[in-house]
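Me: I've got this one open on my screen and I'd like a close look at a single part of it, the sheet. Could you walk me through how its strands are put together and what sits in the turns?

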Amino acid sequence: MAMDIDINELMYQKCPYDEDQAILLVDLETESAPATDEAGNLQYYCLAGKHVFSIDEDGEAV
Ligand SMILES: [Zn+2]
């Protein structure tokens, strides 16, 4: 199954609130597909603030 997105490039984001590193949340059931919120946005876990936020298809935090 081909993937449309490069997981490695999407693995890290800078948290817009803490200006620190956040890592992509992975769906624990498949251990491969990224976790998404109800709108289909990728979700990240902020290591500094210990919170989850979403990035929409434009790369903006939502
Ligand atoms: Zn944060």
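Reply: Here is a walk through the sheet, strand by strand, with stops at a few residues along the way. Keep in mind that this is a predicted model.

Let's get our bearings. The chain has 1 helix and 4 strands, and along the sequence they come in the pattern α-β-β-β-β. So the helix is followed by the strands. Of the chain's 62 residues, 5% count as buried. As for contacts between residues at least 6 apart in sequence, 30% of them join residues at least 24 apart.

Now the sheet itself. The 4 strands make an open sheet in the order E1-E2-E3-E4, and the pairing is antiparallel. At the edges stand E1 (12-14) and E4 (51-55); each has a single partner strand, so one side of each is left without a neighbour in the sheet. From one strand to the next, the twist averages 35°. If you want a reminder of what holds such an arrangement together, strands of a sheet pair through backbone hydrogen bonds, in either a parallel or an antiparallel way.

Start at the E1 edge. E1 runs antiparallel to E2, which covers residues 21-24, and 3 bridges join the two. To find the pairing on your screen, pick Lys14: its bridge partner in E2 is Gln21. The loop between E1 and E2 is where you'll find Glu19. Have a look at the backbone there, since Glu19 has a positive phi of about 55° although it isn't a glycine. Glu19 has 9 other C-beta atoms within 10 Å, so it counts as exposed.

Step across to the next pair. E2 and E3 are antiparallel too, and they pair over 3 bridges. A handy marker here is Ala22, whose bridge partner in E3 is Cys46.

E3 spans residues 42-46, and Leu42 belongs to it. This leucine is worth a stop. Leaving out residues up to four places away in sequence, Leu42 touches Leu10, Leu24, Pro34, Thr36, Ser54 and Ile55. One of those partners, Leu10, is 32 residues away along the chain, with 9.0 Å between the C-alpha atoms of the two. Is Leu42 buried or exposed, then? Neither label fits: Leu42 counts as partly exposed because it has 19 C-beta neighbours inside 10 Å, and a residue needs 20 or more to be called buried.

That brings us to the other edge. E3 and E4 pair over 5 bridges, again in the antiparallel sense. Gln43 is a good place to check this, as it stands opposite Ser54 in E4. Ser54 is also among the residues that Leu42 touches.

Finally, the turn. E3 and E4 form a hairpin with 4 residues between them, and Lys50 is found in that loop. Phi of Lys50 is near 50°, a positive value in a residue other than glycine. Lys50 has 8 C-beta neighbours inside 10 Å, so it counts as exposed.

To pull the picture together: the sheet goes E1-E2-E3-E4 with antiparallel pairing. A positive phi turns up at Glu19, in a non-glycine residue, and at Lys50, likewise not a glycine. Glu19 sits in the loop between E1 and E2, while Lys50 sits in the loop between E3 and E4.

Methods. Residues are numbered from 1 along each chain as its sequence is written. This is a predicted model: local features need pLDDT of at least 70, side-chain atom pairs count only at pLDDT 80 or more; totals for chains, interfaces and linings use all residues. A residue is buried if 20 or more other C-beta atoms lie within 10 Å of its own, exposed if 12 or fewer, and partly exposed in between; C-beta atoms are placed from the backbone. Two residues are in contact if their C-beta atoms, placed from the backbone, lie within 7 Å. Two strands pair if DSSP finds at least two bridges between them. Axes are lines fitted to C-alpha atoms, for helices over the stretch in contact, and angles run from 0 to 180 degrees between N-to-C directions.
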